[in-house]
Amino acid sequence: MVPVIALVGRPNVGKSTLFNRLTKTRDAIVAEYAGLTRDRQYGEAKWQGRTYIVIDTGGISGDEEGIDAKMAEQSLQAIEEADAVLFMVDSRAGMTAADQLIAEHLRKRNKRSFLVANKVDTVDPDIARAEFSPLGLGDALPIAAAHGRGINGMLEEALGIFPRDNAEDEEGEAEVVAEGEEPKRIPGPSEKDGIKIAIIGRPNVGKSTLVNRMLGEERVIVYDQAGTTRDSIYIPFERDEEKYTLIDTAGVRRRGKIFEAVEKFSVVKTLQAIQDANVVIFVMDAREGVVEHDLNLLGFVLETGRALVIALNKWDGMEPGQRDYVKTELERRLMFVDFADIHFISALHGTGVGHLYKSVQASFKSAITRWPTSRLTQILEDAVQEHQPPLVNGRRIKLRYAHLGGANPPLVVIHGNQVEAVPKSYTRYLENTYRRVLKLVGTPIRIEYKGSD
Ligand code: GDP
Ligand code: GDP
């Protein structure tokens, strides 16, 4: 499971600054779900190959009224959602009553907390480290979020408490080796779980109904739950001799033959399920069309590179005119995920639900196929022949060979000279070429360059 880390502290201690620094390589995402997360911001971050989710919070000032009270409430919720808390204090301002209030709360909640003294560019870090010891959380980790100082040491501590995600050391893997390259492990489908499918979407789009429908199908054999996690429910099942595990964010639980939803929507749960899935079935409500929240969540799916199938639900009982309108709208607004199959379904009546499996299988296959180096290099050579990369300082960019560097999403590593100068548009051209020639469906593809000069 991807660890979730909340940034908590008074207003102005530097939470947003740290949030932006931690998540900067990837777009900060998501989710102002009305009434749910108004003041929280979620982001995916990576450090030394490890992925984690950061929640930024508005802040707790200690004398909350009105908007401040709302903010504090959101911070407290973020603490509940998180696996660990980075409790930030301002070493320039020194310790305050609000800091003590927060420390007390964290101690009471028994949360894994790390005291972080920010802005140590303005004071002696050694003093900052000791200054907050009355909070009873040990020595502070000194950082300067605005300048990137101390961040590695802080993350080493905070992420160190989580077992390394060993998904990449599991069975069912291959090593891909190319000339002059370190072997790189490529995660594959796990034998025991089959294809992991996450059912994702905003509240009320019909996720629980769809989960019920999928599991209630006659040809589906549902196994006893292999154990639930704190966050989503993992339901192994088999259909037409193919194994799947459904990651259910809607919190459907089986009671005898009936599945019922017991939990509320949670952004963290959703983000973790996406991370953990091979394929995401993204559910939208046809009657509402594509709304901002859908785009936020889809953006996150795209960031993680998971295979994607879109289900436009509640297609039943829609007027033909309305249907045409929705289809046009979809085409326009979902251009950025145009690799994904779209299904028009009715989870309520079961229409179109069975067809989802075909897309799930096809996109999974595209996402995990181990393309040989020779094939990828041939495609590269043909693409370069067709369209040369541009000249840079009078020298031609040279792209020599390509090999697979990862799966789900497929990562093509291209070796050559002056690769740092390859324009975005050329990379897009190569992506499209690979996509077309390899007939990829339902998965994004990534390209990475390795220079040899
Ligand atoms: P938040 O309210 O906790 O999210 O705090 P912000 O991230 O908005 O930061 C509050 C102020 O502190 C801003 O003016 C930042 O530029 C400043 N700040 C943040 N980090 C640092 C730092 O490492 N050093 C200094 N000197 N100022 C910082
Ligand atoms: P969730 O919050 O995403 O799990 O959504 P639910 O599965 O609880 O569904 C929300 C509401 O939409 C319920 O009243 C469902 O009966 C209704 N609903 C779900 N799927 C469909 C559908 O395909 N057609 C119609 N007309 N209503 C649906």
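## Around the ligand

A residue counts as near a molecule or strand if its C-beta atom, placed from the backbone, lies within 6 Å of it. Of the 17 residues that surround ligand 1 in this predicted model, the ones that come nearest are Gly14, Lys15, Ser16, Thr17 and Ala146. Helix H1 (residues 15–23) supplies the largest share of this shell, 3 residues, where helices (H or I, at least four residues) and strands (E, at least two) are DSSP runs numbered from the N terminus. By residue type, the shell around ligand 1 divides into 5 nonpolar, 9 polar and 3 charged residues; here Ala, Val, Leu, Ile, Met, Phe, Trp, Tyr, Cys and Pro count as nonpolar, Asp, Glu, Lys and Arg as charged, and the others, Gly among them, as polar.

Residues are numbered from 1 along each chain as its sequence is written, while chains are lettered from A and ligands numbered from 1 in the order in which they are written. In this predicted model, local features need pLDDT of at least 70 and side-chain atom pairs count only at pLDDT 80 or more, whereas totals for chains, interfaces and linings use all residues.

## The sheet of seven strands

Strands of a sheet pair through backbone hydrogen bonds, either parallel or antiparallel. Two strands are taken to pair if DSSP finds at least two bridges between them. An open sheet of 7 strands, with mixed pairing, follows the order S11-S12-S13-S10-S16-S17-S18. At its edges stand strand S11 (220–222) and strand S18 (341–344), each with a single partner strand, so one side of each has no neighbour in the sheet. From one strand to the next, the twist averages 25°; axes are lines fitted to C-alpha atoms, for helices over the stretch in contact, and angles run from 0 to 180 degrees between N-to-C directions.

Within this sheet, strand S16 (residues 279–285) pairs with strand S17 (residues 307–313) in the parallel sense over 7 bridges, and Ile281 stands opposite Val309 in S17. Helix H10 (residues 356–368) packs on the sheet and touches several strands, including S16, S17 and S18, with its direction at about 160° to that of S17. Two residues are in contact if their C-beta atoms, placed from the backbone, lie within 7 Å.

## The sheet of three strands

Another open sheet has 3 strands in the order S21-S22-S23, again with mixed pairing. Strand S21 (398–406) and strand S23 (446–451) stand at its edges, and each has a single partner strand, so one side of each is left without a neighbour in the sheet. The twist here averages 30° from one strand to the next. S21 and strand S22 (residues 411–417) run antiparallel and are joined by 7 bridges, with Lys398 opposite Asn417 in S22. Helix H11 (residues 373–386) lies across S21 and S22, running at about 140° to S21.

## Two loops with unusual backbone geometry

Most residues other than glycine have a negative phi, and most peptide bonds are trans. In the loop between S21 and S22 lies Asn408, whose phi is positive, near 50°, and a cis peptide bond with omega of about 10° joins Asn408 to Pro409. Asn408 is buried, because 23 other C-beta atoms lie within 10 Å, and a residue is called buried at 20 or more such atoms, exposed at 12 or fewer, and partly exposed in between, with C-beta atoms placed from the backbone.

Asn110, in the loop between helix H3 (97–109) and strand S6 (112–118), also has a positive phi, near 60°. Asn110 is exposed, because 7 other C-beta atoms lie within 10 Å.
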